Amino acid sequence: MSINSLSRARMAQIVADDIPPASYVNLGIGMPTSVADYLKPERGVVLHSENGILGMKGLPPGAAVDRDLLNASKEPVALDIGASITDHVVSFAMMRGGHIDLTVLGAFQVSADGDLANWDTGREDSIPAVGGAMDLVAGAKRIFVMMQHVDRDGRPKIVPECTYPLTGKAVVDRIYSDLAILDITPDGLHVRAMVRGLDFAALQARTAVDLKLDDAWIELAP
């Protein structure tokens with residue numbers, strides 16, 4: 001079965017539209033950083049970067065690049081009005097102190113209970129340490145995961161139990177994949193949305209835990 005999955009840009013747009021107005025949000029390394037490009041200024045979302053920026057925004061097309069102004073993924077960004085620069089002590093105090101409303105992170109695996117593994121697969125190209133991810137998942141009020149639904153070998157990334165080292169236990173609230181949006185709840189994983197052309201059976205076949213389809217599920221345009 002051929003499936004038109006969501007592009008990374010489309011995923012970022014969907015996540016951006018779901019972020020509540022006036023939220024303080026951290027965007028993790030990798031795919032989540034692109035969410036900054038789709039946030040509407042009038043929504044008043046304030047972006048935090050663990051390397052010490054509060055109030056960053058995506059670099060406008062054609063804008064000059066300041067090589068001293070980078071996000072946690074080492075990509076050039078711009079500062080919003082009222083932005084501030086801090087050292088790591090203050091930045092991590094924001095993360096650990098419960099001041100971040102929402103964190104958007106990538107993941108290698110998410111378990112049925114919302115456990116998150118997102119820093120080590122044992123491969124040589126894995127990042128060398130967990131960085132600030134543990135602080136983010138422990139301190140943020142909500143955790144969104146943004147990831148491909150299966151790995152490069154076609155294996156499900158939503159699993160009964162994570163086999164990679166954990167970043168946090170029972171921390172994930174919602175998963176945005178290239179195929180669907182899923183909420184992790186006390187009574188299981190609920191499918192809120194699926195990409196156009198994908199049926200529930202095909203989604204379940206690509207997921208290693210049982211899913212429940214919400215009555216009010218919506219279709220996502222690619």
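Helix H2 (residues 88-96) buries Ser-91, Phe-92, Met-94 and Met-95. These residues span an arc of only 150° around the axis, which places them on the same side of H2. The model is a predicted one.

On the other side of H2, Val-89 and Arg-96 are exposed. The buried residues pack against strand S2 (46-49), strand S3 (53-57) and helix H3 (133-139). At the start of H2, a side-chain oxygen of Asp-87 comes to within 3.2 Å of the backbone nitrogen of Val-89. Gly-98 follows H2, and its phi is positive, near 80°.

Next, the sheet. It is open, has 10 strands and shows mixed pairing. The strand order is S4-S3-S2-S1-S5-S8-S10-S11-S12-S13. Strands S4 (78-85) and S13 (211-220) stand at the edges; each has a single partner strand, so one side of each lacks a neighbour in the sheet. Neighbouring strands are turned by 25° against each other on average, direction ignored.

Strands of a sheet pair through backbone hydrogen bonds, either parallel or antiparallel. Here, S1 (residues 24-27) and S5 (residues 102-105) pair in the parallel sense over three bridges. Leu-27 stands opposite Val-104 in S5.

Helix H1 (residues 8-18) lies across S5 and the strands tabulated below, as well as S13. H1 runs at about 150° to S10.

| Strand crossed by H1 | Residues |
|---|---|
| S8 | 142-147 |
| S10 | 174-177 |
| S11 | 180-185 |
| S12 | 188-195 |

In H1, Met-11, Ala-12, Ile-14, Val-15 and Ala-16 are buried. Their cover includes S5, S8, S10, S11 and S13.

Methods: Residues are numbered from 1 along each chain as its sequence is written. This is a predicted model: local features need pLDDT of at least 70, side-chain atom pairs count only at pLDDT 80 or more; totals for chains, interfaces and linings use all residues. Side-chain values use heavy atoms; hydrogens and water are left out. Two strands pair if DSSP finds at least two bridges between them. Helices (H or I, at least four residues) and strands (E, at least two) are DSSP runs, numbered from the N terminus. Axes are lines fitted to C-alpha atoms, for helices over the stretch in contact, and angles run from 0 to 180 degrees between N-to-C directions. Contact means heavy atoms within 4.5 Å. Buried means under 20% relative accessible area, exposed over 50%, partly exposed in between (1.4 Å probe, protein chains only). The arc is that of the directions from the helix axis to the C-beta atoms. A polar contact is a pair of N or O atoms within 3.5 Å; within protein, one must be able to donate a hydrogen and the other to accept it, and residues adjacent in sequence count only if both atoms are side-chain atoms.
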